[in-house]
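Thank you all for coming; I would like to walk you slowly through one chain today, and I will ask you to keep the picture in view while I talk. Let me put it up now.

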Amino acid sequence: VEVKEKVSAPANMTADDVLKKYVSAIGGEKALNGIKDLKVVMEGSLQGQKLTLTEIKKAPNKVMESVSMSGMTIQKMVFDGTKGYQEQQGQKQELADKDLKDAQEKADIQADLHPVKYGIKHTLVGVEQVNGKDAYKLEAVKGDDKSIEYYEVATGYLVKKVETAQMPDGSSMSLATEMGDYQEIPGSNGYKIPYSIKIPIGPGMSIDAKVVTAEVNKNIADSEFQ
C-alpha cells in the first residue's frame, strides 16, 4: 500500500516566501522593529506542580529566561549583550561557544527578520499536515544543527518546530515544540506571539504552557540581565 506521506511544496514558493509570510503574520517588520523590550510570563504544570516560565528581552541584545516552581528558580539563563551564564539548582556556568551564540540569537527581538545573520539556512522541503492543517515544512540548518519548522499555509504562523538534541550517551533525541493561539501583545502595534506553547522536556514529556502576561516597551532595567 502506497502511503502518500507528504506533498511537495508548490513550485512557485520558496523558503524566503514562507518566512516573509510568517513575519507579516506576526505583525510585520514595522511592528517587530518597534519593540524595544519584551516580557512574557507563562504558566504550565509538570507532574502536578505549577511552573512559571519568564522571558525578558531588551534591544539590541539582552535576554533572561527563567523557570520557577513554587516561587523558587530552578533554571535560569542570562545574557547581557557580551557575556552570560546558565544556572541550574544553584550551579552557575558561564555561557560559551554554541550556548553563547544561541543566547545572542535569542536576545535579538528582530532575529526573525535576518536569520542569515546567525548562519541559518532555510530550505522548503514540502507540505505536511500539523494538527490536521497543511503546513509548509522548512529545514533550518545552522552549523551542525538541523531543525524542521512548520508554518501553517492558511495563516503563515510557525506552529511546530522539531529539534534534534544530542544526549550525553551519544544518542540523539527528537524534541518537538508546538505553538498555537497567536495573539497580539497589548500596545505592540500588531506584534503577535503564540499564547499557547507545548514545550518538550524529555522523551515523551512536555509542558503545556499558556501566556499569563505579555508586555512590550515597559523600559525594562538593565539589572534584569545580571
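In which loop is P60 found? Before I answer, please keep in mind that what you see is a predicted model. P60 is found in the loop between strand 2, residues 49-58, and strand 3, residues 62-69, and the peptide bond that leads into P60 from A59 is cis, with omega near 0 degrees.

Staying with backbone geometry, let me turn to two residues with a positive phi. Q47, which is not a glycine, has a positive phi of about 50 degrees; its place is in the loop between strand 1, residues 37-46, and strand 2, and with a relative accessible area of 69% Q47 is exposed. S70, also a residue other than glycine, has a positive phi near 45 degrees. S70 lies in the loop between strand 3 and strand 4, residues 72-79, and is exposed as well, at a relative accessible area of 63%.

Now to the strands further along. Strand 9, residues 145-152, pairs with strand 10, residues 158-166, in the antiparallel sense over five bridges, and within that pairing E163 of strand 10 is the bridge partner of S147. The two strands form a hairpin with five residues between them, and in the turn G156 shows a positive phi of about 90 degrees. Strand 10 in turn pairs with strand 11, residues 172-184, again in the antiparallel sense, over seven bridges, with T164 standing opposite S174 in strand 11. That hairpin also has five residues between its strands, and G170 takes a positive phi near 95 degrees there.

What about the side chains? The count of aromatic pairs comes to two. In one, the ring centres of Y22 and Y151 are 5.2 Å apart and the planes stand at 65 degrees, so this pair is edge-to-face. Because Y22 lies in helix 1, residues 15-25, and Y151 in strand 9, the pair ties together parts that are 129 residues apart in sequence. Both of these tyrosines, Y22 and Y151, are buried. For Y157 and Y182, the ring centres are 4.1 Å apart and the planes are at 5 degrees, so that pair is stacked. Y157 is in the loop between strand 9 and strand 10, whereas Y182 is in strand 11, 25 residues apart, and both are buried.

Finally, two lysines: the charged end of K160 sits over the ring of Y150, 5.7 Å from its centre, and K92 lies over the face of Y85, at 4.2 Å from the ring centre.

Notes: Residues numbered from 1 in each chain as written. Predicted model: local features only at pLDDT ≥ 70, side-chain atom pairs only at ≥ 80, totals over all residues. Heavy atoms only, no water. Pairing = 2+ DSSP bridges. Helix = DSSP H or I, 4+ residues; strand = E, 2+ residues; numbered from the N terminus. Phe/Tyr/Trp six-rings, centres within 6.5 Å; stacked < 30°, edge-to-face > 60°. Buried < 20%, exposed > 50% of the residue type's maximum accessible area, 1.4 Å probe, protein only. Lys NZ or Arg CZ within 6 Å of the ring centre and 35° of its normal.
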